[in-house]
Amino acid sequence: MSNIQSIQAIQVFDSRGSPTISCEIHLNNGSSFISMVPSGASTGSREALELRDGGKDYMGKGVMNAIDNIHNLIAPALIGFDVRDQQSIDEKMIALDGSITKSNFGANAILGVSLAVLGAGAKVSEQPLYKYINNVFHEINSVKLDMQLPVPMLNIINGGEHADNNIDIQEFMIMPVGATSFSQGMQWSVEIYGGLKKLLQQRNLSTGVGDEGGFAPNLQSHEEAIELIIEAIESNNLKPGLDVSLALDCAATEFYENNLYSLKGEALKLTSPEFSKYLESLSSSYPIVSIEDGMDESDYKGWKTLTDALGSKCQLVGDDLFVTNVAELQKGIDESLGNSILIKFNQIGTITETMQTIHLANEHHFSSVISHRSGETEDSIIADLCVGLGTGQIKTGAPCRSDRVAKYNRLLWIEAKNKNLKFAGNVFS
Ligand code: PGA
Ligand code: ZN
């Protein structure tokens, strides 16, 4: 008694006030589950297609066509499926859509259903979502993963496409790698965030926040952002690099113009080798353990230069580069581009493909960082995904704004209920 009886989708709003899809799966045993779909701003060009209505309403961002696709094209094909058969359901949707980028139904339509199927499957299996996710991965990839609580990456200064300030690098993150538990890591992070706010106030800098809840002041340079964070760490009697490390997401695709990395805030235009040197210099001056999208999504040569220079001492995460796509990741593995992948399920559109990508990363010793999108909802499913697949790292914004904090709060509950669950801690040691 766990078959899909009906699917209902409605238009709701994400953390930027843009329309997005919420989808409810009803089963013939009376149970149901509701999903919500996130949305990016600094999107990779090879991401699966997010179907928007266009036109005047909602600035063209309505999702009513995608919702119609759920009701008229997806639901009729899925009625009667056992909701626990995640892979068959996802593959059915992929086949019916028939396009490489899920452009017929919209990846947002397909993902809304895929996520609701996952949640409903956990319900009928009477398992917490993260445990059920662990089992689904086992079924899809024939590998049993060790579950663990992740070390969080908290984006406490926002720039790039996520803020209206002059900072080109999109994300300045802290990672409490020296904490002994997830909750201790969160306590440190919250205190550092508070310390940073005080420092900004003392200097008459803005404490307004960007899309991911980090502060978004105008600053002189990237170094100034990093030094403010280091001061905030030290003001809490914590040691930068030992207790708390730093991570960056350059989102370099956004400032790559005419084959140059254009740092407007610093009036610099750099070639790939020069930008690689720039990042090398930052990482040798500061305790930076991870750099995401240090190069443009199609600057493969630049990625190779950066990986050769920094890959042995720093995690180099491909976000726009890999777009959670098995084929793109395989290319990166073959050419030794980066050593880590950012995982965002709406870049690819189904849970099955997301899990296949993580499996490929695991097999080739690429780390997987589970990630939110800059446009989020109160849905906290990525917290369960991260624990269930034991990836060890989650990036879900500052400890501020409920769209970000919902994920950290869910992880705190998972920790509280599972005293024996390992905390990933220093994943770089
Ligand atoms: P996005 O940003 O969701 O706007 O793409 C997050 C990221 O680049 O990691
Ligand atoms: Zn990114």
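Ala, Val, Leu, Ile, Met, Phe, Trp, Tyr, Cys and Pro count as nonpolar, Asp, Glu, Lys and Arg as charged, and the others, Gly among them, as polar. The exercises below use this division on a predicted model.

**Exercise 1. Sort the lining of the largest pocket into nonpolar, polar and charged residues.**

Step 1. List the lining: Gly160, Glu161, Asn165, Asn166, Ile167, Asp168, Glu254, Phe255, Glu257, Ser262, Lys264 and Gly265.

Step 2. Apply the division to each residue. The lining of the largest pocket has 2 nonpolar, 5 polar and 5 charged residues.

Step 3. Add the volume: the largest pocket takes up about 170 Å³.

**Exercise 2. Describe the largest cavity and its lining.**

Step 1. Count the cavities. There are 4 cavities of 30 Å³ or more.

Step 2. Take the largest cavity, which holds about 70 Å³ of space. Its lining consists of 16 residues, and Ser42, His162, Glu212, Lys344 and Ser374 are the closest to its centre.

Step 3. Sort the lining of the largest cavity: 1 residue is nonpolar, 7 are polar and 8 are charged.

Step 4. Assign the lining to domains. Domain 1 (4-126) and domain 2 (151-417) each supply at least three residues to the lining of the largest cavity.

**Exercise 3. Find where ligand 1 sits and which residues are the closest to ligand 1.**

Step 1. Place the ligand: ligand 1 sits in the largest cavity.

Step 2. Collect the shell, taking residues with a heavy atom within 4 Å. For ligand 1 this gives 15 residues, of which Ala41, His162, Arg373, Ser374 and Lys395 are the closest.

Step 3. Sort the shell around ligand 1. It contains 2 nonpolar, 5 polar and 8 charged residues.

**Exercise 4. Identify polar atoms of Ser42, Asp319 and Lys344 that lie by oxygen atoms of ligand 1, and state how much of ligand 1 the protein buries.**

Step 1. Use the cut-off for a polar contact, a pair of N or O atoms within 3.5 Å.

Step 2. Check the backbone. A polar backbone atom of Ser42 is 2.9 Å from an oxygen atom of ligand 1.

Step 3. Check the side chains. Asp319 has a polar side-chain atom 3.0 Å from an oxygen atom of ligand 1, and for a polar side-chain atom of Lys344 the distance to an oxygen atom of ligand 1 is 3.2 Å.

Step 4. Turn to the surface. Ligand 1 taken alone exposes 280 Å², and the protein buries 99% of that.

**Exercise 5. Explain why ligand 1 lies between domain 1 (4-126) and domain 2 (151-417).**

Step 1. Look at which domains contribute to the shell around ligand 1: both domain 1 (4-126) and domain 2 (151-417) give residues to it.

Step 2. Draw the conclusion. Because both domains give residues to the shell, ligand 1 lies between them.

How values were computed:
Residues are numbered from 1 along each chain as its sequence is written. Chains are lettered from A and ligands numbered from 1 in the order in which they are written. This is a predicted model: local features need pLDDT of at least 70, side-chain atom pairs count only at pLDDT 80 or more; totals for chains, interfaces and linings use all residues. Side-chain values use heavy atoms; hydrogens and water are left out. A polar contact is a pair of N or O atoms within 3.5 Å; within protein, one must be able to donate a hydrogen and the other to accept it, and residues adjacent in sequence count only if both atoms are side-chain atoms. Accessible areas come from the Shrake-Rupley method with a 1.4 Å probe; for residues, only the protein chains shown count as cover. On a 1 Å grid over the protein atoms alone, a cavity is a set of points where a 1.4 Å probe fits but cannot get out, and a pocket is an open set with protein on both sides within 12 Å along at least five of seven lines; lining residues have an atom within 4 Å of a point. A molecule sits in a cavity or pocket if more than half of its atoms lie within 2 Å of its grid points. Domain bounds come from an automatic or database domain assignment. Grid points are joined across faces, edges and corners, and a volume is the space filled by probe spheres set on the points.
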